[in-house]
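Student: Could you take me through one part of this structure slowly, strand by strand? I'd like to see how the sheet is put together and where the charged side chains pair up.

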Amino acid sequence: MQVLRHCTAALAVVFVIRAVLAGQGAAPVPAVGEASFIIFINGRDAGREQVNVSKTAAGWTITSTGRVAAPLNFTNNRFEITYAPD
């Protein structure tokens, strides 16, 4: 059940990013790069997540890795999603 919750959260982030990009119309192309996030549970540092956004001829690729400690004990060895160039 915990894994399903994390997958749902990851998909929600992807859908939000996609909705924001779609709603911008002729906005500038988003920048590529890396970002690191600290995950808090009940105000305490519980883990880290590293995300990379890149653009190739095949389209946009979002990859991430991370780990969340107890009480969730969740490790994301690699998450990757690719969007078509259009």
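Tutor: Of the 86 residues in the protein chain, buried ones make up 17%. Keep in mind that this is a predicted model. The surface that the chain exposes comes to about 6,300 Å², and carbon and sulfur atoms supply 62% of that area. If you take the contacts between residues at least 6 apart in sequence, 23% of them join residues at least 24 apart.

Now for the layout. The chain holds one helix and four strands, and reading along the sequence gives the pattern α-β-β-β-β. The strands make up an open sheet in the order β1-β2-β3-β4, with antiparallel pairing. β1 (33-41) and β4 (74-83) stand at the edges with a single partner strand each, so one side of each has no neighbour in the sheet. On average, neighbouring strands of this sheet are turned by 15 degrees against each other, with direction ignored.

Let's begin at the β1 edge and work inward. β1 runs antiparallel to β2, which covers residues 44-56, and nine bridges join the two. You can follow this pairing residue by residue. I41 has R44 of β2 as its bridge partner. F37 is partnered by E49 in β2, and for S36 the partner in β2 is Q50. The link between these strands is a hairpin: two residues lie between β1 and β2, and N42, in the turn, has a positive phi of about 55 degrees.

While you are looking at these strands, a general point helps in reading them: side chains in a regular strand alternate between the two faces of the sheet.

The other neighbour of β2 comes next. β3 spans residues 59-68 and runs antiparallel to β2, with 10 bridges joining the pair. One place to look is G47, which stands opposite V68 in β3. Here too the connection is a hairpin, with two residues between β2 and β3.

That brings us to the charged side chains. As a general rule, side chains of opposite charge can pair when their charged atoms come close. This structure holds two salt bridges.

One of them joins the side chains of R48 and D45, with 2.8 Å from N to O. How open is this pair to its surroundings? R48 has a relative accessible area of 38%, so R48 counts as partly exposed, because the partly exposed class lies between 20% and 50%. D45 is partly exposed as well, at 46% relative accessibility.

The other salt bridge is formed by E80 and R78, whose closest N and O atoms are 2.3 Å apart. E80, with a relative accessible area of 43%, is partly exposed. R78 reaches 57%, and since exposed means over 50%, R78 is counted as exposed.

To follow this on your screen, start from I41 and its partner R44, continue along β2 to G47 opposite V68, and then turn to the salt bridge between R78 and E80.

Terms used
Residues numbered from 1 in each chain as written. Predicted model: local features only at pLDDT ≥ 70, side-chain atom pairs only at ≥ 80, totals over all residues. Heavy atoms only, no water. Pairing = 2+ DSSP bridges. Axes fitted to C-alpha atoms, helices over the stretch in contact; angles between N-to-C directions. Salt bridge = Lys/Arg side-chain N within 4 Å of Asp/Glu carboxyl O. Buried < 20%, exposed > 50% of the residue type's maximum accessible area, 1.4 Å probe, protein only. Contact = heavy atoms within 4.5 Å. Areas by Shrake-Rupley, 256 points an atom, 1.4 Å probe, with all protein chains shown as cover.
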